[in-house]
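Hi,

Here's the structure I promised to pass on. Have a look at it first, and then read my notes underneath.

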Amino acid sequence: MATTTYAVAGMSCAHCRATLTKVIGELDGVTEVDVDLATGQVTVTSATAPDDVLIAEVVDDAGYELTGRAA
């Protein structure tokens, strides 16, 4: 299992949380998505190392901006 935390801009409400949980959760290998609105971070747990480009693409397509991996 791999757990990676990303910084995502533009999240502000429960709808944002639900949308990102759905679109990231549908990616192959993703087993869990935790969206923290207060910190602007999304933690993704997956069976293998995540594909940062693919995750950024689905986040951007959903109307948010993945700004990189969180420290």
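To start with a helix: how far does α1 reach from its first C-alpha to its last, and how does that compare with what is expected at 1.5 Å a residue? With its 12 residues, α1 spans 16 Å, which is close to the expected 16 Å. Keep in mind as you read on that this is a predicted model.

Now stay with α1 and look at its two faces. Buried in this helix are C16, T19, L20 and I24. They sit on the same side of α1, because the arc they cover around the axis is only 110 degrees. Turn to the face pointing away from that buried side and you'll find the exposed residues A14, H15 and K22. And what do the buried residues of α1 pack against? Their partners are β1, β2, β3 and α2.

I24 is a nice one to click on. If you skip its neighbours within four places in sequence, I24 is in contact with V30, V33, V42, V44, V58 and V59.

That brings us to the core. Nonpolar side chains tend to be buried together in soluble globular proteins. Here, the largest nonpolar core has 18 residues, and V8, M11, L20, I24, V42 and V59 are the ones with the most contacts inside it. Two or more residues each come from β1 (2-9), α1 (14-25), β2 (30-36), β3 (41-46) and α2 (52-61). Which element gives the most? That's α2, with 4 residues.

Zooming out, the chain has 2 helices and 4 strands, and they follow the order β-α-β-β-α-β along the sequence. The radius of gyration is 11 Å, close to the 11 Å that the globule rule gives for 71 residues, so the chain is as compact as a globular protein of that length. If you'd like a box to picture, the C-alpha atoms fill one of roughly 30 × 25 × 20 Å along the principal axes.

A few totals for the whole chain:

- Of the 71 residues, 35% are buried.
- Among contacts with a separation of 6 or more, 63% are between residues 24 or more positions apart.
- The chain exposes about 4000 Å², and carbon and sulfur atoms supply 51% of that.

If you only have a minute, colour C16, T19, L20 and I24 differently from A14, H15 and K22, and you'll see the buried residues of α1 set against the exposed ones on the face turned away from them.

Cheers

Terms used: Residues numbered from 1 in each chain as written. Predicted model: local features only at pLDDT ≥ 70, side-chain atom pairs only at ≥ 80, totals over all residues. Heavy atoms only, no water. Core = buried A, V, L, I, M, F, W, Y, C linked by side-chain atoms within 4.5 Å. Buried < 20%, exposed > 50% of the residue type's maximum accessible area, 1.4 Å probe, protein only. Contact = heavy atoms within 4.5 Å. Expected span 1.5 Å × (residues − 1). Arc of directions from axis to C-beta. Rg over C-alpha atoms; globule rule 2.2 N^0.38 Å. Areas by Shrake-Rupley, 256 points an atom, 1.4 Å probe, with all protein chains shown as cover.
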